[in-house]
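Thanks, everyone, for making the time this morning. I would like to walk you through one model, and I will try to be careful about what can be read from it.

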Amino acid sequence: MADQSTPEARTPEKALNGETALNDGPPESADTKGGISRRLLLGTAGATGLVLGAAGGAVGYAARPAEATPLASLGADQVMFHGKHQPGILQGLQARGHVVAFDLAAGAGRKEAAALLRRWSETARRLMAGEAAQQDDTDVARDAGPSSLTITFGFGHSFFARTGLEKQRPIALDPLPDFSSDQLDKARSNGDLWVQIGANDALVAFHALRAIQKDAGRAAKVRWQMNGFNRSPGATSHPMTARNLMGQMDGTRNPKPTEADFDQRIFVPESAAKDPAGAKDPAWMANGSYAVVRRIRMLLDDWEQLSVKAQEDVIGRRKSDGAPLSGGTETTEMDLEKTDKAGNLVVPINAHARITRPDQNGGAAMLRRPFSYHDGIDADGVPDAGLLFICWQADPLRGFVTVQRKLDRGDALSKYIRHEASGLFAVPGGAAEGEYVGQRLLEG
Ligand SMILES: C=CC1=C(C)c2cc3[nH]c(cc4nc(cc5[nH]c(cc1n2)c(C)c5CCC(=O)O)C(CCC(=O)O)=C4C)c(C)c3C=C
Ligand SMILES: [Fe+2]
C-alpha cells in the first residue's frame, strides 16, 4: 500500500492505531443483521485484532461462493479505535474524507452531550472494526472491510458554555486571530462539536458519516459538512508524497514520529493529567491535540496560467519531484542562502516552503493532514476546489497562528488561494477500552 506522505505507512494485514500495530482488538460481537459481524463475513480475525488481508483464510459471506476472491488488503486494513491518541491523526492520508461540525440542539447540555459522545464512540469502534452500526445499519458498507476507517471527535470553543463546562475550556481554544487575507464564511466555520471521518473507500466513509449523523438524533444538528479526497492507495508504483490540486507534492516536510520532539510538538503532554497545577492544558486534554481546519479555495484558473518555473518559484520546490530549488532530491535540506550567477536567491525570499519552515518561525511546527476538495463549478465557470487544510499541534498559537501570521505578511502563494472557512477544535486523547471519547471532560 502506498504511504500517502504522512508519517505512518500502513502495512496491509495489520490493525493499527498510530505508531503501533496492536494485537488485542475488540472481540467479535453480534451484528444486528443476522447475528454475524461484517468482520467475520470478511474473514477477519477478531479475537486477535489482527486483520487478515488477501492471504487470510476468508470465512466467506454466506451468499458468496467459497472460492470468492479474498478481500484486497486495502479493505482489510484496520485502525484501532482505542489507544493513546485518537485515530485519524497519525495514520497516512486516506482516499476519502468528510469533516462535519455539529451544534448542540436547543435545550441539550452536558448530559445529552455525554450520551452523544458515548453513542458516537461505540459507533466509531464498531465501524472501524468493520462491524455494522448498532442500530438501523444502512448496509452501505456491508461488503467492505474497515478500509482504514478512522473517526475522530473534537470540541469547539462554543461547546463549553453550552454545557456549563467553561472552567474546563482550554486557553488554546481561544478564537484564532483575524488574518488580513481571510474571507471567512461564518456559517461554515467553527461549531460545538467536530467529527473527522477518513477511509480508503468512499462507501465506507459515507456509511460512517450517515451513522454519525443519525446518532446525533435530537441532541445535535449539522452546522456544516465538507467532503474531501486524496490519492487512492496503490495508485502510484511506489509510496510517494501526495499531490494537491495545484499539482505539488504536499507533505514532504511534515514532522515525523521518529523525531525526538514530535510528541511534544503535536500532542498535549501526559503531564496535563499527572500534574494539573503545573500544566497549561486541562487534565482531560492529556495526549490530545488541537486541530485547525481551514477551507482554502485554490484559484486554479490563475495558478494554471503560470509557467511551471513560476509555479516552482511560488513554492520554492520543484513541481516534478518536490526537491528544493537549491537542488538535490525531495528530502535534501533546502539551502536558503544559495544564489544564482546573477546573485539572486534560488529559493525566492517569499517562497511558501521557505517562510513556513520551523527555523523561520521560532520552531513553530504542525502536522498537516489535509484532504483536497472539489464541490463543482461556480456560475462563472470557476472550480470550487482547493484544500481542506487540517493541521495538528499541541498549541495552535505556537503552531498554526505563528506560521499563518507570517504567511499573511507576504507568502507568494497567497495570490492563488483564499481562506473561506475556519475552525479550531480541542481533540482529546484516545479513549481507553470501555471508555468513550471525552469522558474525562464530561464526567470529570
Ligand atoms: C499556516 C500554515 C499553512 C497553510 C495555511 C498552508 C497552505 C498551503 N500549503 C500549500 C502547499 C505546500 N505547503 C508546503 C509546505 C508547508 N506548508 C506549511 C504550512 C501551511 N501551508 C508548512 C509548515 C510547510 C512545511 C515547511 C517546512 O517544514 O519546511 C509545501 C512544500 C512541501 C512540504 O513540505 O509539504 C507545499 C507544496 C498549499 C497548496 C496551501 C493552501 C492551499
Ligand atoms: Fe503549505
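I will go from the whole chain to the annotated spans, then to the ligand, and then to a few local features.

Please keep in mind throughout that this is a predicted model. The protein chain has 444 residues, of which 50% count as buried, and its secondary structure comes to 12 helices and 12 strands. If we take the contacts in the chain with a separation of 6 or more, 75% of them are between residues 24 or more positions apart.

The UniProt record, which is an unreviewed entry, carries two domain annotations that I will use as landmarks. The one named "Dyp-type peroxidase N-terminal" covers residues 86-230, and over that span the chain is 28% helix and 22% strand, with its end C-alpha atoms 21 Å apart. The one named "Dyp-type peroxidase C-terminal" covers residues 241-431, and there the chain is 19% helix and 21% strand, with 30 Å between the end C-alpha atoms.

Which residues have the most contacts inside the largest nonpolar core? That core has 96 residues, and the two in question are I151 and A208. Leaving aside neighbours within four places in sequence, I151 is in contact with G88, A124, L127, M128, V195, I197, A208 and I212, so that list includes A208 itself.

Now to ligand 1. There are 26 residues around it, and those that come nearest are Q248, T252, R253, T356 and Q404. The elements giving two or more residues to this shell are strand 8 (289-298), helix 10 (352-355), strand 11 (383-393) and helix 11 (397-408), and helix 11 has the largest share, with four residues. By residue class, the shell divides into 13 nonpolar, eight polar and five charged.

Helix 11 deserves a closer look. Its buried residues are G399, F400, V403, Q404 and L407, and because they cover an arc of only 100 degrees around the axis, they lie on the same side of the helix. As a reminder, an α-helix has 3.6 residues a turn, so residues three or four places apart point the same way. The buried residues of helix 11 pack against strand 8, helix 10 and strand 11, and just after the helix G410 takes a positive phi of about 155 degrees.

Helix 9, residues 308-315, can be described in a similar manner. Here Q311, E312, V314 and I315 are buried, and their arc of only 155 degrees around the axis puts them on the same side of helix 9, whereas K309 and A310, on the other side, are exposed. Helix 10 is included in what covers the buried residues of helix 9, and the residue that follows helix 9, G316, has a positive phi near 95 degrees.

My last stop is L245, which is found in the loop between strand 7 (220-229) and helix 6 (262-266). Why does L245 count as partly exposed? It does so because it has 17 C-beta neighbours inside 10 Å, and a residue needs 20 or more to be called buried, or 12 or fewer to be called exposed. Leaving aside neighbours within four places in sequence, L245 is in contact with M298, L300, S372, A385 and G386. Of these, S372 is 127 residues away along the chain, yet the C-alpha atoms of L245 and S372 are separated by 6.8 Å.

Methods
Residues numbered from 1 in each chain as written. Chains lettered and ligands numbered in written order. Predicted model: local features only at pLDDT ≥ 70, side-chain atom pairs only at ≥ 80, totals over all residues. UniProt positions renumbered as here; feature names shortened; annotations may be inferred. Near = placed C-beta within 6 Å. Nonpolar A, V, L, I, M, F, W, Y, C, P; charged D, E, K, R; others polar. Arc of directions from axis to C-beta. Contact = placed C-beta atoms within 7 Å. Core = buried A, V, L, I, M, F, W, Y, C linked by C-beta atoms within 7 Å.
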